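Please read the following explanation alongside the sequence and the three-dimensional view. It moves from the overall fold to the core, and then to the partner chain.

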Amino acid sequence: MPRKTVYTLGILGTLYLLYNFYQIFLVVPVDALQGNIFRIIFIHVPAAFTAFSFYGVAVVASIAFLVTKNFRWDSMAVSAVEVGTMFTLVNLATGSIWGRVEWGIWWAWDARMTSQLMCFLLYLGYLLMRPAIAEPQQRGVMSAVLAIFAAADIPIVFMAIRLHNVRTQHPGPVLETGTLAKVYYGPFFGDYLAFLLLATAMMLVRLHQESSHREIDSLRRELHAI
Amino acid sequence: MSQIDLTNLRFLFFGYSAAWLIMIGFVFLLVSRSRRIDRELRRLKSLVEDKEK
């Protein structure tokens with residue numbers, strides 16, 4: 001594992017995140033309608049963006065695995081899914097807390113929230129399924145198919161607040177409609193970048209673990225043969 | 001400070017705490033798993049070396 005790269009990405013990501021927190025809590029103005037709870041957007045949305053970015057990596061790696069049957073791609077897919085699932089959980093938890101204040105309820109079974117929960121459960125299923133399949137080739141193929149299938153939920157999450165005939169509790173898209181003031185863009189995209197740096201460091205650690213796993217498997221086979 | 005402001009701040013604290021807890025928990029999970037894998041790898045390597053002697 002490029003240990004230096006992991007540490008550099010981790011430290012850079014953490015420092016940038018702390019700088020963004022300084023901006024979020026001490027520099028940018030409070031939202032006139034929602035008050036201080038609005039500041040949760042700077043974690044809630046960038047966490048979702050990061051999760052989807054890593055699910056995208058998992059889809060590309062899964063397709064590459066199905067084409068080449070090279071296990072490095074399978075390792076990359078599972079590493080990306082694990083990190084993406086963690087960020088989806090951050091998104092769901094912060095969204096639920098935000099909803100409790102704004103709507104008076106912890107959860108609403110509307111299109112956006114339900115499809116995001118589905119996304120989380122599908123990728124959690126992917127992670128739980130893998131240890132249940134002993135044969136590596138079969139595990140890789142089934143995981144790749146599930147990763148691609150689960151990604152079909154991402155456009156549904158995206159469109160859930162954009163379709164006119166879908167009623168949703170969740171607010172509409174804040175970036176395209178310009179409802180997010182420009183003054184918030186710095187910490188908003190800054191947190192996304194900081195999360196990307198941290199998530200990449202985590203994924204590199206997971207990749208190293210997967211390659212160590214393969215080494216352990218080959219050593220076990222070697223021991224069995226001796 | 002009004003009651004609404006206090007509630008807002010309390011839940012904002014919960015939100016950021018939840019996010020940090022999840023991320024730090026995940027990092028701990030990664031570190032402990034790495035240690036376990038490294039230990040197993042060292043054990044298997046020494047076993048193979050012993051058997052080959």
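Read along the sequence, chain A runs α-α-α-α-α-α-α, a pattern of seven helices and zero strands, where helices (H or I, at least four residues) and strands (E, at least two) are DSSP runs numbered from the N terminus. This is a predicted model, in which local features need pLDDT of at least 70 and side-chain atom pairs count only at pLDDT 80 or more, while totals for chains, interfaces and linings use all residues. Residues are numbered from 1 along each chain as its sequence is written, and chains are lettered from A and ligands numbered from 1 in the order in which they are written. The model scores ipTM 0.90 and pTM 0.92.

Along its principal axes, the C-alpha trace of chain A spans about 70 × 45 × 25 Å. Of its 226 residues, 38% count as buried, a residue being buried if 20 or more other C-beta atoms lie within 10 Å of its own, exposed if 12 or fewer, and partly exposed in between, with C-beta atoms placed from the backbone. Among the contacts in chain A between residues at least 6 apart in sequence, 78% join residues at least 24 apart; two residues are in contact if their C-beta atoms, placed from the backbone, lie within 7 Å.

The largest nonpolar core (a set of buried Ala, Val, Leu, Ile, Met, Phe, Trp, Tyr and Cys residues joined through C-beta atoms within 7 Å) has 59 residues, and those with the most contacts inside it are A:Ala58, A:Ala77, A:Ala80 and A:Val90. Two or more residues each are given to this core by α1 (3-27), α2 (41-68), α3, α4, α5 and α7 of chain A together with α1 (3-52) of chain B, and the largest share, 16 residues, comes from α3(A). Leaving aside its neighbours within four places in sequence, A:Ala80 is in contact with A:Phe54, A:Val57, A:Ala58, A:Ala61 and A:Met203.

Helix α4 of chain A (residues 111-129) offers a check on geometry: at 1.5 Å a residue, its 19 residues should span 27 Å, and its end C-alpha atoms are 26 Å apart, which agrees; the expected span is 1.5 Å times one less than the number of residues. Among the buried residues of α4(A) are A:Met113, A:Cys119, A:Phe120 and A:Leu122, and also A:Arg112 and A:Gln116. What covers the buried residues of this helix includes α3, α5 (136-151) and α6 (153-159) of chain A.

Chain B, by contrast, has one helix and zero strands. Its radius of gyration, taken over C-alpha atoms, is 23 Å, well over the 10 Å that the globule rule gives for 53 residues, so chain B is more spread out than a compact globule; the rule is 2.2 Å times the number of residues to the power 0.38. The C-alpha atoms of chain B fill a box of roughly 75 × 10 × 5 Å along the principal axes, and buried residues make up 11% of the chain. Within helix α1 of chain B lies B:Arg39, which is exposed, with 10 other C-beta atoms within 10 Å.

Where the chains meet, 28 residues of chain A are in contact with 26 residues of chain B. On the side of chain A that touches chain B, α3 (71-102) and α7 (185-225) each supply at least two residues, and the largest share, twelve residues, comes from α7(A).
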